[in-house]
Amino acid sequence: MAEFTMPSLGADMDEGRLLEWLVGPGDRVSRGDVVAVVETDKAAVEVECFATGTVGRLLVEPGTRVPVGTPLALIEPTAPATAPGPAAAPATSPATSPATSPGPAPAPAPAAADGTAAPSHRPAAPRAEPPRHRRPAPAHRRRTPPGAVPETPAPAEPPAAAPSGTARPAPASRPHAPSTEPPTPPAEPRPAREPASGAPGQPLLAPVPTGRRPAREPAVSGEGPPAALAHPARRRPLPSDRAADLHEPEEAATPTAGPLVRHLADVRGIDLASVRGSGRGGRITRADVEHAVPRGVARPRVTPYARRLARDLGVDPRRVHGTGDGGAVRAADVRAAAAARARTEPRAPVEREAPPAGGPEPPPPSRGRPAEDRAAGMRQALAALMSRAKREIPHYYLSTTVDMAAAEAWLHRRNRGRPPSDRLVDSALLLKAAATALREVPALNGHWRDGGFVPGTGVHLGVAVSLRGGGLLAPVIHDADALPVADLMAVLRDLVRRARLGRLRGSELTGATFTVTSLGEQGVEAVFGVIHPPQVALAGFGTVVERPWAVGGLLGVRPVVTATLSADHRATDGAVGARYLGAVGRLLQDPEEL
């Protein structure tokens, strides 16, 4: 039985507060499923389960603050599927059931058509071939030659035992003893096709197993209902049936989604079968559910800028009356809706001040602390971490200026013809160069633990993201050096969006081996950051500006960026940092290789 414990979501995290359980006892969970929401001093984080099994018992109630490593729940392993034991063969018709129970005793021979006993031994097969484990043809598939008396199945008897490793003959296909009287033809003979083997007027022997599949043709019997009707469940599909199955639409499989996504879809009234998953393997993510429209609700027409502005101001565009063409919501409509909400918000607390008649009004449910308390707690956590870093880590700083003319030209060519949402920006190229340069200078990629440097198992970049309410988070891009620039851009956009919405997972906040910070969007030309312990280095990039630059003895105006490095003097020296900045500058001169 495995324990689900309070995870460590950062080097500065000592304890966390369990906000919400997303699973209950008896729920089946797999590795990577989100099972709980934990609040740290910086944000509320969705925590994944690192075991597969069934939730046995929840040990901690929501709202409880516990130290890192405290067991929160018990995960019981899933019982392996047990193989069924040997069971007696069901009593079925001898014409359709082969012998299944091994044993040396042969089955009694059935009676012949004239009532005489058939010989106990089986005649030799026409050809001697090694036995092949193929099921004999069923009785309704055999054809009766013209003039022959149809075989009548013998009374139900126990199935014959077949020796191990030999072919299993069908009891109904055993040959009958030759009759001394001429066979009596049926009253109304029906036309039948010529048998594939055997002489006319003689019983047809069981077919010798061959490598070919027998022809799928309906049997024609002289009397009685067809065997296919007598045993409809045992009839093999004909080629026409298979062709018809190809045109029948298969039942759509339910898309995969975690417990949190299913709960969110139930709350919003969204059918997961109609949502197209954007996760790995078509998995439905939380963002897919949030962007889905419930059934019966029309999606409003919103301009891209108005949608972005609505997200920043916390306005639902579906509740905004659009004044654009065809009722489209514009930025002015979003600002008007935000202003109207601000005018009505101060009067809302007055209506809730009066307690109910039965007693004091319970506080409204909240997912964590108020925003003011969370911002204050984050600031205290950052202050403690940065004070520790400056006190324990001997920093040294380097900077260089990199020519971005080749990189800007490459981005211009790549973005030509792309929609704005898919265009690449300078940040993605700078991140890729920073990650790739760590391959050449691995001494900066790792952690300082127990008085020594521990190299990282991969290049996992932590990206500093400023939050709108104040504070800082550094979500992790794992194996950033192996991602193409376009994929790195998509991952960066997703992490920044979810970091500012407070919807990061625990695995996206841990494991960074190197941190990159950039204030280029704010117009800052250079930034010298503080190392995030236990890491040993941090790179910073400013905004791309145009400066006079000499190339080949000629002075011109070119786009340049200032790259900086803050490194731990216990792990490396200035020469190592200089090699790293030189590698970054050289890679940006040849962006096609990134």
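**Exercise 1. Where does Pro 534 lie, and between which strands?**

Work with the predicted model above, and then describe the bond that joins Pro 534 to Pro 533.

*Solution.* Start with the place: Pro 534 is in the loop that runs between strand E16 (514-518) and strand E17 (537-541). Next, look at the peptide bond between Pro 533 and Pro 534: this bond is cis, with omega at about 10°. To put that in context, remember that most peptide bonds are trans.

**Exercise 2. Find what Asp 450 and Asp 479 have to do with positive phi, and decide how exposed each one is.**

*Solution.* Let's take the residues one by one.

- Step 1: Asp 450 is not a glycine, yet its phi is positive, about 55°. Asp 450 sits in the loop between strand E10 (446-449) and strand E11 (452-455).
- Step 2: The relative accessibility of Asp 450 is 86%. Exposed means over 50%, so Asp 450 counts as exposed.
- Step 3: Asp 479 is not a glycine either, and it has a positive phi of about 50°. You will find Asp 479 in the loop between strand E15 (476-477) and helix H11 (485-501).
- Step 4: For Asp 479 the relative accessibility is 38%. Partly exposed covers the range between 20% and 50%, so Asp 479 counts as partly exposed.

A useful reminder here: most residues other than glycine have a negative phi.

**Exercise 3. Which strands form the open sheet of four, in what order, and which strands are at its edges?**

*Solution.* Read the order across the sheet: E5-E4-E2-E7, with antiparallel pairing. The edge strands are E5 (44-48) and E7 (65-67), since each of these pairs on one side only. From one strand to the next, the twist averages 40°.

Now zoom in on one pair. Strand E2 (residues 15-21) and strand E4 (residues 34-39) are antiparallel and share four bridges. For Glu 20, the bridge partner in E4 is Val 37.

**Exercise 4. Which residues touch the most other members of the largest nonpolar core, and which helix gives this core its largest share?**

*Solution.* The largest nonpolar core has 74 residues, and those touching the most other members are Phe 4, Leu 444, Leu 461, Phe 514 and Tyr 580. Helix H10 (residues 426-440) supplies the largest share of this core, nine residues.

To finish, pick Tyr 580 and leave aside its neighbours within four places in sequence. The remaining contacts of Tyr 580 are Ala 434, Ala 437, Leu 438, Val 441, Leu 444, Phe 514, Ala 539 and Leu 565.

Terms used. Residues numbered from 1 in each chain as written. Predicted model: local features only at pLDDT ≥ 70, side-chain atom pairs only at ≥ 80, totals over all residues. Heavy atoms only, no water. Core = buried A, V, L, I, M, F, W, Y, C linked by side-chain atoms within 4.5 Å. Buried < 20%, exposed > 50% of the residue type's maximum accessible area, 1.4 Å probe, protein only. Helix = DSSP H or I, 4+ residues; strand = E, 2+ residues; numbered from the N terminus. Contact = heavy atoms within 4.5 Å. Pairing = 2+ DSSP bridges. Axes fitted to C-alpha atoms, helices over the stretch in contact; angles between N-to-C directions.
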